Amino acid sequence: MELKNYSSSTSGFILLGLSSNPQLQKPLFAIFLIMYLLTMVGNVLIILAIHSDTRLHTPMYFFLSNLSFMDICFATDIVPKMLVNFLSETKAISYVGCLVQMYFFMAFGNTDSYLLASMAIDRLVAICKPFHYDVVMSPRHCLLMLLGSCTISHLHSLFRVLLMSHLSFCTSHVIKHFFCDTQPVLKLSCSDTSSSQIVVMTETMAVIVTPFLCIIFSYLRIIITVLAIPSAAGKWKAFSTCGSHLTVVVLFYGSIIYVYFRPLSMYSVVKDRVATVMYTVVTPMLNPFIYSLRNKDMKKGLKKLRDRIQS
C-alpha cells in the first residue's frame, strides 16, 4: 500500500504486525490475549499485596508496586491495539494515534528503567550502608526518586515525539512492526533523517544509559561488599535479596540494548520484532512471577491477600 505524500495528522499508517499470514492471526490473538490478562492480573495482585500488608511498606516494595503499575500501563499502550489488529482487515492507526502510542511507550518504558535503577540503589544502601538506610531511603527521598523518574521520562518522550512530528512520509505508510516504534517509523520517512538519528541515538543513550550505569555501579559496589563478608551464609543471604531484581534487569535491558543501540542501517525487522516482544509483553508478564516466586515476603503478602479475599 502506497501513499504519494503525507506529513500531516490527516494521514495514517498501517501496522504490519507480527505476521502477515492470515492463518496465524487468531492463534496469535489468543496467545497475546492470555499474556496480556496474565500481565494485568499478576501486576494488580502484586500492587494489592504490597498495599494490604504493612510488612511490605518499605522502599523496595514501594518501587516494586510502582514498577508493576508502569508495567500495566506499558502493556496497555501496546497490546490492546495489537489484539484489535490481529482480527482487523485494515490494521490502521492514525497519524496522531501513532505519535500518542509512541509517546506513552517511551514514557512508561523509560520510567521502568529509572525505577529499576532506584531499586538497585535501594539494594546498594541496604547492603553497603545499612546504618544509613532509614535516612537515605526515607519516604520523602523515595517519592522524589519516583517523581524524578516520571518527569525525566515524559520530557524525553515529548522531545522525541516533537522530533518525529516534523518528519515527512512519502513512499509508504506501512510500518513493519506491531506498534509505532521509533526505528521502523524513521525507516518510512523521506526527510533527511541523519540528523534525527544522531539526536535520537545521543539522547537515547543519555536517558537509557544513565539508569543502566547506575545499576551496574550499584551491583559492582554490592559485589565488592558481599565478597568481604566472611561467612558463606552471609554472602548468600545478601545476594539472595538481589536475585529477583537482577533477573528483571537482564530481561529488560538485554532486549532494549539489542534493539536500540545499533545504527538504523542495521535494523532487522524480524529479529527486532522478537526482541521487542520480550520487553513490551513478556517482561511485564514475567515480573510478578519473578518477584513472587523468588521472594518470601511477597509470598507471605500474596497469601495474606488471598486469605483476606476468601474470608
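**View 1. Phe86 is a buried residue in this predicted model.** Phe86 has 6% relative accessibility, which counts as buried (under 20% relative accessible area with a 1.4 Å probe, protein chains only; exposed is over 50%, and partly exposed lies in between). Phe32 is buried too, with a relative accessible area of 6%.

**View 2. Phe32 and Phe86 form a tilted aromatic pair.** The structure holds 12 aromatic pairs (rings of Phe, Tyr and Trp, the last by its six-membered ring, with centres within 6.5 Å; planes under 30 degrees apart are stacked, over 60 edge-to-face, the rest tilted). Here the centres lie 5.9 Å apart, with 35° between the planes. Phe32 sits in helix H1 (residues 25-52) and Phe86 in helix H2 (residues 59-86), 54 residues apart. Helices are DSSP runs of H or I with at least four residues, numbered from the N terminus.

**View 3. Tyr103 and Phe104 form an edge-to-face pair.** Their planes meet at 90° and their ring centres are 5.1 Å apart. Tyr103 is buried at 19%, whereas Phe104 is partly exposed at 32%.

**View 4. Phe32 has neighbours from several stretches of the sequence.** Leaving out residues up to four places away in sequence, Phe32 touches Leu18, Val79, Met82, Leu83, Phe86, Val277 and Val281; contact means heavy atoms within 4.5 Å.

**View 5. Ring pairs link a cluster.** The members are Phe74, Phe105, Phe178, Phe179 and Tyr279.

**Notes for your viewing.** Residues are numbered from 1 along each chain as its sequence is written. Local features need pLDDT of at least 70 and side-chain atom pairs 80 or more, while totals for chains, interfaces and linings use all residues, and side-chain values use heavy atoms, without hydrogens and water.

Conventions. Helices (H or I, at least four residues) and strands (E, at least two) are DSSP runs, numbered from the N terminus.
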